[in-house]
Amino acid sequence: MSIQSMCKYLFILTISVWVMCSSMPVFAQAQDAADTVSDGKVKKPDSAGHQLCLGVDLVRLGSNYYYTDRKGYEFQADYYLKNEFYLAAEGGWGNSTVNYTDLKYTSSNSFIQLGFNKSILARDSWKDWDMMMMGLRAGFAPISRSSVSYIVMDSVWGNTPTETLPGKNYNAFWLELTGGMRVEIFKGLYAGWNLRGKFIMNGKSFRELAPLYIAGFGRGDKGANFIFNVYLSYGIRWERKSVNRLKS
Amino acid sequence: MTRTAATLLLFCAMMWVACSQQRQPCLDPVTASLIVSSVHFKSDTSKIPVDSSLPSAVFYPVTVLPNDTNLYSSSSAFILSLSPDTGFCQWLFSPTRNGALDTISFYYQRRLEFLSNACGFIYFYNLDSVRTTHKAIDSADILNATVNNNVNTKHVQIFIHPNY
């Protein structure tokens, strides 16, 4: 990735983070207003309880049937902290096979992403777990690439003989800005989507050859990827201790 | 609300999958282009070369492969390529279609470059030297030694004898 592209992506990321951070107090204020008793001074404790939500990405599962050259599995988990903040994590694994006339190799990787989500909608009640959220993640993937055989095609001088590059292991790091929504379709069962902007932080590692597909990140030869996920999740809930719920 | 959201989710997912492709199309130039310009001096005392617009220049790659001849009309800039297999290659050149042929020899270092999975690998080059015979060509200079897939850079300048 060129320095120019890197600067562009960092600029987009910075602006996005700034917009997100600056919007949080507004939503937090709206939430606080809902959580504040009439005299405006006493704030009631968060009565929403605990929730651990586990989900699977349906788009990735569907893509596995469509693509013959890449496979991937992605899962997500989030845990409600308080004040509409969620700890969030995604993980998974995948592989890709490049079998073109002029380029042949395979790669595989697992990945993990850690970060947080902030729900930007006020709840209707403490039972309301539907959410529209924004979040940040840091992602990491150890990648294993096989040896590469390649031909340089040339119509004037003829193609070069097949040459090889040795296999290699390396890591990918990225930052991600995400936004989306999630609705409870049955008790504890959620469907939701996320749009994710992912920005590679160590693009120079891929200069020799960027993998076709990095599970969790997307195309390896792009400095930024925009990914769409559809999650089916199940939320396990339990109540907080010493919380007297007000009638909603 | 829930049913609408679920339908929308499913629709978006299907659209996303349906719009994907197997191998992405390659949008980058996949050949490192060597741009050669022809110039001449207007007089023996002139110090500044001017472009020579050659009426029907021809270039032949010296290769064992049956290749098309590169024919140019009224041009002063020619796009050639270097052999990716070795560090040396030759082109035959004449400023006119049936004129005497000069040999232009290019000596260079190769550098393997990965463009993308769509385009594969390509060789970029660094020119070491250029030598020519002297039927129509007086001499040759390297203007820019780095030959890559940027087609807007002139790399070599050949000086044509004034009587051409």
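Me: What percentage of the 164 residues of chain B count as buried?
Reply: This is a predicted model, in which local features need pLDDT of at least 70 and side-chain atom pairs count only at pLDDT 80 or more, while totals for chains, interfaces and linings use all residues. Residues are numbered from 1 along each chain as its sequence is written, with chains lettered from A and ligands numbered from 1 in the order in which they are written. A residue is buried if 20 or more other C-beta atoms lie within 10 Å of its own, exposed if 12 or fewer, and partly exposed in between, the C-beta atoms being placed from the backbone. For the 164 residues of chain B, the share that counts as buried is 24%.

Me: What share of the contacts in chain B with a separation of 6 or more comes from residues 24 or more positions apart?
Reply: Two residues are in contact if their C-beta atoms, placed from the backbone, lie within 7 Å. When the contacts in chain B with a separation of 6 or more are considered, residues 24 or more positions apart account for 51%.

Me: How many strands does chain A have in its secondary structure?
Reply: Helices (H or I, at least four residues) and strands (E, at least two) are DSSP runs, numbered from the N terminus. The elements of chain A run α-β-α-β-β-β-β-β-β-β-β-β-β-β from the N terminus on. Alongside two helices, the number of strands in chain A is therefore 12.

Me: How many bridges join strand 2 of chain A to strand 3 of chain A?
Reply: Two strands pair if DSSP finds at least two bridges between them. Strand 2 (residues 70-80) and strand 3 (residues 85-99) of chain A run antiparallel, and they form a hairpin with four residues between them. One of their partnerships sets A:Phe75 against A:Gly91 in strand 3. The number of bridges joining strand 2 to strand 3 of chain A is 11.

Me: Which residue in strand 4 of chain A stands opposite A:Thr97?
Reply: Strand 3 of chain A also pairs with strand 4 (residues 103-119) of chain A, in the antiparallel sense and over 15 bridges. A hairpin of three residues joins these two strands of chain A. The residue in strand 4 that stands opposite A:Thr97 is A:Thr106.

Me: Why does A:Asp78 count as buried or exposed?
Reply: A:Asp78 has its place in strand 2 of chain A, and, not counting residues up to four places away in sequence, it touches A:Cys53, A:Tyr86, A:Leu87, A:Ala88 and A:Asn117. Its C-alpha atom is separated by 8.1 Å from that of A:Gln51, a residue 27 residues apart from A:Asp78 along the chain. Because 25 other C-beta atoms lie within 10 Å, A:Asp78 is buried.

Me: What is the approximate phi of A:Asn83?
Reply: Most residues other than glycine have a negative phi. A:Asn83 lies in the loop between strand 2 and strand 3 of chain A, where it counts as partly exposed because it has 14 C-beta neighbours inside 10 Å. A:Asn83 is a residue other than glycine with a positive phi, the value being near 50 degrees.

Me: Why is A:Glu84 classed as buried or partly exposed?
Reply: A:Glu84 has its place in the loop between strand 2 and strand 3 of chain A. Although A:Glu84 is not a glycine, its phi is positive, at about 65 degrees. Because A:Glu84 has 21 C-beta neighbours inside 10 Å, it counts as buried.
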